[in-house]
Amino acid sequence: MGYRFACEHGDMIFALVAISGGIVEKNCVGINGLRVLNIDGSNDVRYPIAGGRSASDPRIVHDSVESAGKSMTDGGATFKLQVVQGAQHSLADIDQKMMASDGVGLKEYVLNFIFAR
């Protein structure tokens, strides 16, 4: 939903943080200056970073996070992908793995991104 909102109302926001997935938005324009952060676990089988079928529901086919990021950069945004090694789909797991590897949890990482100058 965040990607779609950014494409439709990019003038209302200055940053977007997506966690565990992203959707390719076609013809997304006018988002110059928007900063996008996508945080994904390397072991996420519900929404694989590379895209493809969800292990939890094989009827669902996801876009790759890279192609979702490209749809943002094509519209003028900057895009950063943060892959959390060993993390699965849950916020708790992503937070725990980030804290263990970097000493910074998910909330602090997101706030640092949003308010970075």
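Is Val-104 buried, partly exposed or exposed, and what is its relative accessible area? Val-104 is partly exposed, with a relative accessible area of 21%. The close-ups below come from a predicted model, and we can start with this residue.

**View 1. Val-104 sits in the loop between H3 and helix H4 (106-114).** Welcome to the first stop. Not counting residues up to four places away in sequence, Val-104 touches Met-98, Met-99 and Tyr-109. Buried means under 20% relative accessible area, so Val-104, at 21%, counts as partly exposed. For a sense of distance, pick the C-alpha atoms of Val-104 and Val-24: they are separated by 29 Å, and the two residues are 80 apart along the chain.

**View 2. Three strands make an open sheet in the order E1-E2-E5, with parallel pairing.** E1 and E5 are the edge strands, each with a single partner, so each has one side without a neighbour in the sheet. On average, neighbouring strands of this sheet are turned by 15° against each other, direction ignored. E1 and strand E2 (residues 35-41) run parallel and are joined by five bridges. Within this pairing, Ala-15 stands opposite Arg-35 of E2. Helix H2 (residues 65-74) packs on the sheet and touches E2 and E5, its direction making about 160° with that of E5. Helix H3 (residues 91-102) packs on the sheet too, touching E1, E2 and E5, and its direction makes about 85° with that of E5.

**View 3. Strand E2 is mostly covered, with seven of its seven residues buried.** Follow the side chains along this strand. In a regular strand the side chains alternate between the two faces of the sheet. In E2, Arg-35, Leu-37, Ile-39 and Gly-41 point one way, while Val-36, Asn-38 and Asp-40 point the other way, and all are buried. E2 also pairs with E5 in the parallel sense, over seven bridges. One pair to look for here is Asp-40 and its bridge partner in E5, Val-83.

**View 4. Gln-82 lies in strand E5 (residues 78-84).** Which residues does Gln-82 touch, not counting those up to four places away in sequence? The contacts are Leu-37, Asn-38, Ile-39, Asp-40 and Tyr-109. Gln-82 is buried, at a relative accessible area of 18%. Tyr-109 also appears in View 1, where it is one of the residues touched by Val-104.

**View 5. Phe-14, Leu-111 and Phe-115 form a nonpolar patch on the surface.** Together, these three residues have about 350 Å² of accessible area. Phe-14 is found in the loop between helix H1 (2-9) and strand E1 (15-19). The relative accessible area of Phe-14 is 49%, which makes this residue partly exposed.

**View 6. Ser-20 and Asn-27 both have a positive phi.** Most residues other than glycine have a negative phi, and most peptide bonds are trans. Phi is near 65° for Ser-20 and near 55° for Asn-27. Ser-20 is placed in the loop between E1 and E2, and Asn-27 is found in that loop as well. Their surroundings make a nice contrast: Ser-20 is buried, with a relative accessible area of 8%, whereas Asn-27 counts as exposed at 75%.

**View 7. Asp-57 and Arg-59 meet through their side chains in a salt bridge.** The N to O distance is 2.8 Å. What is the relative accessibility of Arg-59, and does that count as buried or exposed? Arg-59 counts as exposed at 71%, while Asp-57 is buried, with a relative accessible area of 16%. This pair is one of four salt bridges in the model.

**View 8. Two further salt bridges lie within helices, Asp-74 with Lys-70 in H2 and Lys-97 with Asp-93 in H3.** The closest N and O atoms of Asp-74 and Lys-70 are 2.9 Å apart. These two residues of helix H2 are four residues apart, about one turn of the helix. Asp-74 is exposed, with a relative accessible area of 54%, and Lys-70 is partly exposed at 49%. In the salt bridge of Lys-97 and Asp-93, the N to O distance is 2.7 Å. Why are Lys-97 and Asp-93 separated by about one helical turn? The reason is that they are four residues apart in helix H3. Lys-97 is partly exposed, with a relative accessible area of 28%, whereas Asp-93 counts as buried at 12%.

How values were computed
Residues numbered from 1 in each chain as written. Predicted model: local features only at pLDDT ≥ 70, side-chain atom pairs only at ≥ 80, totals over all residues. Heavy atoms only, no water. Patch = residues over 30% accessible without salt bridge, like charges linked within 9 Å, V, L, I, M, F, W, Y side chains within 5 Å. Areas by Shrake-Rupley, 256 points an atom, 1.4 Å probe, with all protein chains shown as cover. Buried < 20%, exposed > 50% of the residue type's maximum accessible area, 1.4 Å probe, protein only. Contact = heavy atoms within 4.5 Å. Pairing = 2+ DSSP bridges. Axes fitted to C-alpha atoms, helices over the stretch in contact; angles between N-to-C directions.
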